[in-house]
Amino acid sequence: MSTHAPGTRAPRAEVTSATTGRPVMLLTLDVPLDERAQRFALETALGAGCPLVLCDAVPVGPHSAASVLRMRGRPEADASLRAAAGEARSLGVQVDELIFHSPRPLAAATALCAERGVGLLVFGPSRKAAGRWRYRAWSRRVRRDTPCLVWLPED
């Protein structure tokens, strides 16, 4: 005997990639991802059943030829994002990968959060790769300007 309403179908048990909540964005700035941030973003998206947006905002000068010549960021940052995307997809999480070049990458990323209706921004650049001072400036800006919840790995 069926336990659901007549005329409806119960979802199959093996389907786990439902997307019911606002997206989770994992952001880096052309450096590899912090392992803790990657794990937190993946577990949050998986647990909430929401899509995961992997974003690499590559800083460039306003008249830089690099923005035209490079379609992706640094190879180590790109490899880190691809590994995160592969792991998320293997667990059934819907993944969008975005890589863009901007003279103001944090402003562009926060605008993207608002445009996409992101519910949680996981700020994920590796502190070691970014450098202590640069990471500190980035994280202050992200906390101040992001229109949604923000998560940063603790020291």
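**Close-up views of threonine 110 and its surroundings**

**View 1. Threonine 110 is a buried residue of the predicted model.** Threonine 110 counts as buried because its relative accessibility is 14%, and the cut-off for this class is under 20%. The residue lies in helix 4. Its side chain reaches the backbone oxygen of alanine 107, at 3.0 Å.

**View 2. Threonine 110 meets residues from another part of the sequence.** When residues up to four places away in sequence are left out, threonine 110 touches Asp145, Thr146 and Pro147. Valine 142 is 32 residues apart from threonine 110 along the chain, yet the C-alpha atoms of these two residues are separated by 7.7 Å.

**View 3. Helix 4 lies across four strands.** Helix 4 comprises residues 105-116. The strands that it lies across are strand 1 (24-28), strand 2 (52-59), strand 3 and strand 4. Relative to strand 3, helix 4 runs at about 145 degrees.

**View 4. Five strands form an open sheet with parallel pairing.** The order of the strands in the sheet is 3-2-1-4-5. Strand 3 (95-102) and strand 5 (149-151) are the edge strands, and each pairs on one side only. From one strand to the next, the twist averages 20 degrees.

**View 5. Strand 4 is joined to the edge strand 5.** Strand 4 consists of residues 120-123 and runs parallel to strand 5. Three bridges join the two strands. Within this pairing, leucine 121 stands opposite valine 150 of strand 5.

How values were computed
Residues are numbered from 1 along each chain as its sequence is written. This is a predicted model: local features need pLDDT of at least 70, side-chain atom pairs count only at pLDDT 80 or more; totals for chains, interfaces and linings use all residues. Side-chain values use heavy atoms; hydrogens and water are left out. Two strands pair if DSSP finds at least two bridges between them. Axes are lines fitted to C-alpha atoms, for helices over the stretch in contact, and angles run from 0 to 180 degrees between N-to-C directions. Contact means heavy atoms within 4.5 Å. Buried means under 20% relative accessible area, exposed over 50%, partly exposed in between (1.4 Å probe, protein chains only). A polar contact is a pair of N or O atoms within 3.5 Å; within protein, one must be able to donate a hydrogen and the other to accept it, and residues adjacent in sequence count only if both atoms are side-chain atoms.
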